[in-house]
Amino acid sequence: EDALTITWARRFAPYKRPELLFKDIDKLSEILKNTKRPVQIVVAGHAHRADKEGQELIHHIKKLAEDKRLKGSVVYLPFYNLDVAKILVSGSDIWLSTPQRGKEACGTSSMKACLNGVLQFSTSDGWLEEVDWSDKGWILPDTHTARHLYRILEKEMVPMFYVRNSAGIPSEWVRMMRQVIALVEKYYSAERMINDYIKTLYFPQK
């Protein structure tokens, strides 16, 4: 329960690239299996029954989770639904998104995770393109994405998560959690959306 927990949870589709995290299994295993600073990964989601590519991706991820180099540190959760999503967005430390840039419509799962103080680790697409993430999370570049993913995870995220104050609290991590909560509450809530409709469409200022 104390390990840094990274979650990738959404619809399985090729452009969302769930397999990107596993491009270098040996390197990933090295990061996950550090006994002093352990990391664990949760993968969840489903694909439409007619989406053969999406179904194949799920089978591929299941096999990777059973690889001896990753077993015990990576898990695939079946039967993804709203109840499972609610647990994941409230119990994760990092919300990982790896879509090909320009193909993600919005990214509402990331917003829900942010409201629970989950930090973002993503390519810049959908709503994430609108935000400066320098003090709220980590953005992956469009090229050599997997290589940068491992570097950021190992050199930035893990050290920050495991630097604790005298009370055992990761102060810098918590500061960033508060930043992402405030961001979504202010700019990405349904309340803000309705107010915008009222002010700009229904009752515009004269």
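1. Let's start with one pair of residues: Ser97 has Ser122, in β5, as its bridge partner. That pairing belongs to a bigger set, since four bridges join strand β4 (residues 94-97) to strand β5 (residues 119-123). The two strands run parallel. Keep in mind as you read on that this is a predicted model.

2. Now zoom out to the sheet. Six strands make up an open sheet, and their order is β3-β2-β1-β4-β5-β6, with parallel pairing. The edge strands are β3 (74-77) and β6 (137-140), and each of them pairs on one side only. If you ignore direction, neighbouring strands of this sheet are turned by 20 degrees against each other on average.

3. Have a look at β1 next. Six bridges join β1 to β2, and these two strands run parallel. If you want a spot to find on screen, try Ala9, which stands opposite Ala44 in β2.

4. How many of the residues in strand β1 (residues 4-9) are buried? Six of its six are, so the strand counts as mostly covered, given that buried means under 20% relative accessible area. The side chains split into two groups: Leu4, Ile6 and Trp8 point one way from β1, while Thr5, Thr7 and Ala9 point the other way. Both groups are buried.

5. Helix α2 (residues 52-65) is worth a look too. Helix α2 lies across β2 (39-44) and β3, and runs at about 145 degrees to β3.

6. Pick out Leu57, which has its place in helix α2. Is Leu57 buried or exposed? Its relative accessible area is 12%, and because the cut-off for buried is under 20%, Leu57 is buried. Leaving aside residues up to four places away in sequence, Leu57 touches Phe12, Ala13, Pro14, Pro18 and Glu19. For a distance to check yourself, take Leu57 and Ala105: they are 48 residues apart along the chain, and their C-alpha atoms are separated by 21 Å.

7. Last, the surface. Which residues make the nonpolar surface patch of about 730 Å²? They are Met193, Ile194, Tyr197, Ile198, Leu201, Tyr202 and Phe203. One of them, Ile198, lies in helix α7 (residues 190-202). With a relative accessible area of 34%, Ile198 is partly exposed, because that label covers values between the 20% limit for buried and the 50% limit for exposed.

Technical notes
Residues are numbered from 1 along each chain as its sequence is written. This is a predicted model: local features need pLDDT of at least 70, side-chain atom pairs count only at pLDDT 80 or more; totals for chains, interfaces and linings use all residues. Side-chain values use heavy atoms; hydrogens and water are left out. Two strands pair if DSSP finds at least two bridges between them. Axes are lines fitted to C-alpha atoms, for helices over the stretch in contact, and angles run from 0 to 180 degrees between N-to-C directions. Contact means heavy atoms within 4.5 Å. Patches are made of residues with over 30% relative accessible area and no salt bridge: like charges are joined within 9 Å, nonpolar side chains (Val, Leu, Ile, Met, Phe, Trp, Tyr) within 5 Å. Accessible areas come from the Shrake-Rupley method with a 1.4 Å probe; for residues, only the protein chains shown count as cover. A salt bridge is a side-chain nitrogen of Lys or Arg within 4 Å of a carboxyl oxygen of Asp or Glu. Buried means under 20% relative accessible area, exposed over 50%, partly exposed in between (1.4 Å probe, protein chains only).
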